[in-house]
Amino acid sequence: MTERNKAAIVKAGAVHNMLKLIESPNAPNPLVYEAIVVNFLGLSALDLNKSVIGSSGAIPFLVKTLKNLGHQSSPQSKQDALRAIYNLSIFSCNVPFILETDLIPFLLKTLGDMELSERCLAILSNLVSTPEGRKAISVASDAFPVLIDALNWNDSPGCQEKASYIRSIKAFQHRSMNLGYVCYIECRLH
């Protein structure tokens, strides 16, 4: 699908039509759900489409698909939903829509599943780059120890790098905190 086609598809109202289809009382076939996820993945790759898709209500559907709620999601459908959420998280105006879901606790719980961890950390990296995302990650239970644990994954330098980035942004946000106390906590976790 070319960029021109992706823009034309969204402009023609396909996003809202797909959402109407999945919200209809006559639930579509699971293969239709998967096709819609793939369409959101493809369409969300274009920067022009990110705001329309994000504000449309597609993010809760993608999160439900990722979490396997409402219907049985195939492993590929979960990967596609995670990649579409990543695409949408790049556009900072979509962060509030993402934060309206319970995605952050799910991403933190999912860390450790090596097929998903790097993408989860990439999404968290995008979220932590906004004030509201930093706050949401800071208040998430177990965020601190989970991110510290990811720093120790020697076999996954991409995860280490993203976890380090998230930690450094959070530390910068709280730079007024006593640095000695932060170091003490981190040392106690090792």
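**Close-up 1. G112 sits in the loop between α8 (103-110) and α9 (117-128).** Welcome to the first view of this predicted model. G112 is partly exposed here, and its relative accessible area is 44%. Apart from neighbours within four places in sequence, the contacts of G112 are S117 and W153. V146 also belongs in this frame: 34 residues separate G112 and V146 along the chain, and their C-alpha atoms are 9.0 Å apart.

**Close-up 2. Helix α9 is largely enclosed by the rest of the structure, since 10 of its 12 residues are buried.** Do have a look along the helix for the buried residues, which are S117, C120, L121, A122, I123, L124, S125, N126, L127 and V128. One of these, S117, will be familiar from the previous view as a contact of G112. How far apart are the end C-alpha atoms of α9? They lie 16 Å apart, in agreement with the 16 Å that the 12 residues should span at 1.5 Å a residue.

**Close-up 3. N94 lies in the loop between α6 (75-89) and α7 (95-99).** Is N94 buried or exposed? N94 is buried: its relative accessible area is 1%, which puts it under the 20% cut-off. Setting aside neighbours within four places in sequence, you can find N94 in contact with K50, S51, G54, S55, I59 and L88. For a friendly comparison with the first view, both residues are in loops, but N94 is buried, whereas G112 is partly exposed.

Technical notes
Residues numbered from 1 in each chain as written. Predicted model: local features only at pLDDT ≥ 70, side-chain atom pairs only at ≥ 80, totals over all residues. Heavy atoms only, no water. Helix = DSSP H or I, 4+ residues; strand = E, 2+ residues; numbered from the N terminus. Buried < 20%, exposed > 50% of the residue type's maximum accessible area, 1.4 Å probe, protein only. Contact = heavy atoms within 4.5 Å. Expected span 1.5 Å × (residues − 1).
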